[in-house]
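Work through these exercises with the structure open beside you. Try each task before you read its solution.

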Amino acid sequence: MIKLYQFPPAFELPNASSFCLKLETYLLMAKIPYESVYGMDMGKTPKGKMPYIVDGDKKIGDSGFVIDYLKQTYGDALDADLTPVDRAISLAMCRLIEDNLYWAMVHNRWMEPENWEKTKVALFSELPPILKSIVPGIAHKDTQKQLQAHGMGKHSSDEIYAIGVADITALSDFLADKSFFFGNEPTSLDAAAYGILANILWAPFDSPLRKKAQQLANIGAYCDRIRARYYADPR
Ligand SMILES: N[C@@H](CCC(=O)N[C@@H](CS)C(=O)NCC(=O)O)C(=O)O
C-alpha cells in the first residue's frame, strides 16, 4: 500500500501543511488506498519538503509530481474529463494557490509575532527538549529566508494580505455557485484548493485572509462540503 509521509495533524486539521492536506485529499477523492506515516524527519524527504510518498521501491516528493505519478500508475480518476481549456485554468489556479497564496499564509503564521508563538507550540512542542530549544529558531529563520527569496517577504503585511485577499476572491469568483471548481465532481484543483482554504479558514489565526474567506459564503460552504464528504470518518 502507498505510504503517505506527512507532518502530524495540528490545529485540529488533518494537516496544517496545505500541501500535505492537498495530497491526502487527492488520495481520498481519487479513492486510492494509502496509509499515513506522520513525522517531521526532513532528512528522509526526497526534496527537503513534505509530503512525499513511498510506493513499493519508488519514493516521490512534491505533491504535484506525486499526483502525476498516481495518475500514470493508478489512472486519472479526477481530471480525465477536463478539456484543454479547463486544464489550463486548473494549472493557473493551482499555481495561484501554491506559488502565491501559500506564501501569504506562511507570512501570517510565521512572521506575525503572536501567530509564530501559536505555530511554534503546534508544530514543535512534541520535540525532545534539546531539539525543542534549537529547531524552532532555525525553522523560523529558514522560513524568513524562503519568504524573502520568493519575493512575498519583501512586501509589508498590508501588501501581503491585499495580495492574498485578491487570490481568495479569484477562487471564490471562479467557484461561483458550483459544488466543485469544474462542476459536480471534484478534480485535482479541488484537492489543492481545500488544502489551503481549510487551513486559512480553520487554523486559529485571525487575519484579513481568514476574514475574506469567512465573508465569501461559497468558500465556507465548499470547505464544509469537502470535509463532510471526505473527512467524516475520524482517521
Ligand atoms: N512543491 C511542494 C511544496 C511542499 C512544501 O512547501 N512543504 C512545506 C510544508 S507546507 C515544507 O515541507 N516545508 C518545510 C521546509 O521548507 O523546511 C509540494 O507540492 O509538495
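**Exercise 1. A helix and its faces**

Which residues of H9 are buried? Find them, then work out how they are arranged.

Solution. This is a predicted model.

- Step 1. Locate helix H9 at residues 217–230. The helix has 14 residues. From first C-alpha to last, H9 reaches 20 Å, close to the 20 Å expected at 1.5 Å a residue.
- Step 2. Pick out the buried residues of H9: Ile-219, Tyr-222 and Ile-226. A residue is buried if 20 or more other C-beta atoms lie within 10 Å of its own.
- Step 3. Look down the axis of H9. The buried residues fall within an arc of 65°, so they line one face of the helix.
- Step 4. Recall the general rule. An α-helix has 3.6 residues a turn, so residues three or four places apart point the same way.
- Step 5. Turn to the other side of H9. Ala-217, Asp-224 and Ala-228 are exposed there.
- Step 6. Ask what the buried residues of H9 pack against. The partners are H1, helix H6 (157–175), helix H7 (188–202) and helix H8 (208–215).

**Exercise 2. The sheet**

In what order do the 4 strands of the open sheet lie? Trace the sheet from edge to edge.

Solution.

- Step 1. Read across the sheet: the order is S2-S1-S3-S4, with mixed pairing.
- Step 2. Find the edge strands. They are strand S2 (34–38) and strand S4 (58–61), and each pairs on one side only.
- Step 3. Follow the twist, which averages 20° from one strand to the next.
- Step 4. Add the helix. H1 (residues 18–29) packs on the sheet and touches strand S1 (2–6) and S2. The direction of H1 makes about 155° with that of S1.
- Step 5. Zoom in on strand S3 (residues 52–55) and S4. These strands run antiparallel and are joined by 4 bridges.
- Step 6. Match partners. Tyr-52 has Gly-61 in S4 as its bridge partner. Val-54 stands opposite Lys-59 in S4.
- Step 7. Check the turn. The hairpin of S3 and S4 has 2 residues between the strands, and Gly-56 takes a positive phi near 60° in this hairpin.

**Exercise 3. Two domains**

Which element gives the largest share of the side of domain 1 that touches domain 2?

Solution.

- Step 1. Set the bounds. The domain assignment gives domain 1 (2–74) and domain 2 (84–230).
- Step 2. Place the centres: the C-alpha centres of domain 1 and domain 2 lie 17 Å apart.
- Step 3. Count the contact residues. Domain 1 supplies 13 and domain 2 supplies 19.
- Step 4. Name the element. H1 gives the largest share of the domain 1 side, with 8 residues.

**Exercise 4. Two loop residues**

Is Asp-81 buried or exposed? Then do the same for Gly-183.

Solution.

- Step 1. Find Asp-81 in the loop between helix H2 (63–74) and helix H3 (84–110).
- Step 2. Count its neighbours. Asp-81 has 11 other C-beta atoms within 10 Å, so this residue is exposed.
- Step 3. Compare sequence with space. Asp-81 and Thr-187 are 106 residues apart in sequence and 9.4 Å apart in space, C-alpha to C-alpha.
- Step 4. Move to Gly-183, in the loop between H6 and H7. Gly-183 has 12 other C-beta atoms within 10 Å, so Gly-183 is exposed.
- Step 5. Take one last distance. Gly-183 and Tyr-231 are 48 residues apart along the chain, and their C-alpha atoms are separated by 20 Å.

Key:
Residues numbered from 1 in each chain as written. Predicted model: local features only at pLDDT ≥ 70, side-chain atom pairs only at ≥ 80, totals over all residues. Pairing = 2+ DSSP bridges. Axes fitted to C-alpha atoms, helices over the stretch in contact; angles between N-to-C directions. Contact = placed C-beta atoms within 7 Å. Expected span 1.5 Å × (residues − 1). Arc of directions from axis to C-beta. Domains from an automatic or database assignment.
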